[in-house]
Amino acid sequence: MPITLATTVAELRTEGARLLGSGQGTSQGLVPTMGALHEGHAALARAAVEQNDVVVASIFVNPLQFGDAVDLDRYPRTLDADLALLEDQGVDLVFAPPVEEVYPGGEPLVRITSGRLGEKWEGASRPGHFDGALTVVAKLLHYGLPAAGVPAAGLPAAGAAQGGLPAYRAYFGQKDAQQLALVRRMVADLNFPVEIVGVPTVRAVDGLALSSRNRFLSDEEREAALVLSRALRLLEERANAREPLDLDSARALVESQPLVALDYFDVVDPETLEPLAENCRETPFRGEALALIAAKVGPVRLIDNAPLSS
Ligand code: AMP
């Protein structure tokens, strides 16, 4: 079926209900994006299409999560190509609203607060970013609720098809590990009736994590940026071999690249994102962790991460 484009919430609801066949469908997936789509987004869409009867993708560049107006202005917008990519993956419906549809009264007075988890790492460099991101994710999760709606008696359990209600799942990339951890916390802390599904990071063949911002890298900067995934791979190899992670030498590798200005590089608990002091230096690595890295390469801020397990 050709993909349908909705630009208003009313159209989204009508089309969503039509696609779910007035309650015949048993599951709905939502894939929130900011557009400028690449293979990473395609992987999210494919996972959603495999697991759900109806799949909605959203494309919305959320002003609330940009601290810098220039960054917001120059964020790439490629709607036609995005629609073609989503149609190829089998997405049914795209919600691409204008800013006034999402924030009809201007900036919302009441917002989601990301708390301690949103103040560290990316949050430290981008104050307010995660409050803005979670606020729009909360709105998108509400817009995307399957058309059967929420029963008056209360919310169904996360993601479950209950009492004739379709199951509801939303898909986020592990590429944005802090965002994923925060969305999981928001959904748990505030009882959103949705299952959050994390999808592994998609990389170019040379290891660079795909990102809509990579297009702003010169050839030389792109080559330099490979040091991020190389450093993460070093840690992965040491974790797999149950060796000390020796984060200091991995950090030195990144710092030896003159075009790369390292912001942070640490090994953290996957849920709390608190640094794991234990596993970094002399002791052999054991358990589950996440290596997080962020750096500025030329004009572009890049983030990447690797799950570690041993
Ligand atoms: P964005 O359009 O950058 O807001 O990203 C939309 C969704 O796609 C987020 O859940 C991202 O984590 C996810 N995503 C972005 N890049 C990748 C990638 N390389 N691999 C997997 N997921 C990604």
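In the predicted model, the protein contains ten helices and nine strands. The radius of gyration of the protein is 20 Å, close to the 19 Å that the globule rule gives for 310 residues, and the protein is therefore as compact as a globular protein of that length. Taken along the principal axes, the box filled by the C-alpha atoms of the protein is roughly 60 × 40 × 40 Å.

Of the 310 residues of the protein, 52% count as buried. When the contacts in the protein with a separation of 6 or more are considered, 72% of them are accounted for by residues 24 or more positions apart. The accessible surface of the protein comes to about 14300 Å², and carbon and sulfur atoms contribute 52% of this surface. With regard to charge, the protein carries 27 positive and 42 negative side chains, while the centres of the two sets lie 2 Å apart.

Strand β8, which spans residues 288-297, was examined together with its partners. Eight of the ten residues of β8 are buried, so this strand is largely enclosed by the rest of the structure. β8 pairs with strand β7 (residues 260-268) in the antiparallel sense over eight bridges, and within this pairing Val 268 stands opposite Leu 290 in β8. β8 also pairs with strand β9 (residues 300-309), again in the antiparallel sense, over ten bridges; here the bridge partner of Ala 294 is Ile 303 in β9. The hairpin of β8 and β9 has two residues between the strands, and in this hairpin Gly 298 takes a positive phi near 60°. In a regular strand, the side chains alternate between the two faces of the sheet.

A further position considered was Arg 213, which lies in the loop between β6 (195-199) and α9 (219-240). The relative accessible area of Arg 213 is 19%, and because the limit for a buried residue is set at under 20%, Arg 213 counts as buried. When residues up to four places away in sequence are not counted, Arg 213 touches Phe 66, Asp 71, Tyr 75, Arg 126, Val 300 and Arg 301. Among these contacts of Arg 213, Val 300 and Arg 301 fall within the residue range of β9, 300-309, the strand that pairs with β8.

Technical notes. Residues are numbered from 1 along each chain as its sequence is written. This is a predicted model: local features need pLDDT of at least 70, side-chain atom pairs count only at pLDDT 80 or more; totals for chains, interfaces and linings use all residues. Side-chain values use heavy atoms; hydrogens and water are left out. Helices (H or I, at least four residues) and strands (E, at least two) are DSSP runs, numbered from the N terminus. The radius of gyration is taken over C-alpha atoms; the globule rule is 2.2 Å times the number of residues to the power 0.38. Buried means under 20% relative accessible area, exposed over 50%, partly exposed in between (1.4 Å probe, protein chains only). Contact means heavy atoms within 4.5 Å. Accessible areas come from the Shrake-Rupley method with a 1.4 Å probe; for residues, only the protein chains shown count as cover. Lys and Arg count as positive and Asp and Glu as negative; His and the chain ends are not counted. The place of a charge is taken as NZ of Lys, CZ of Arg, CG of Asp or CD of Glu. Two strands pair if DSSP finds at least two bridges between them.
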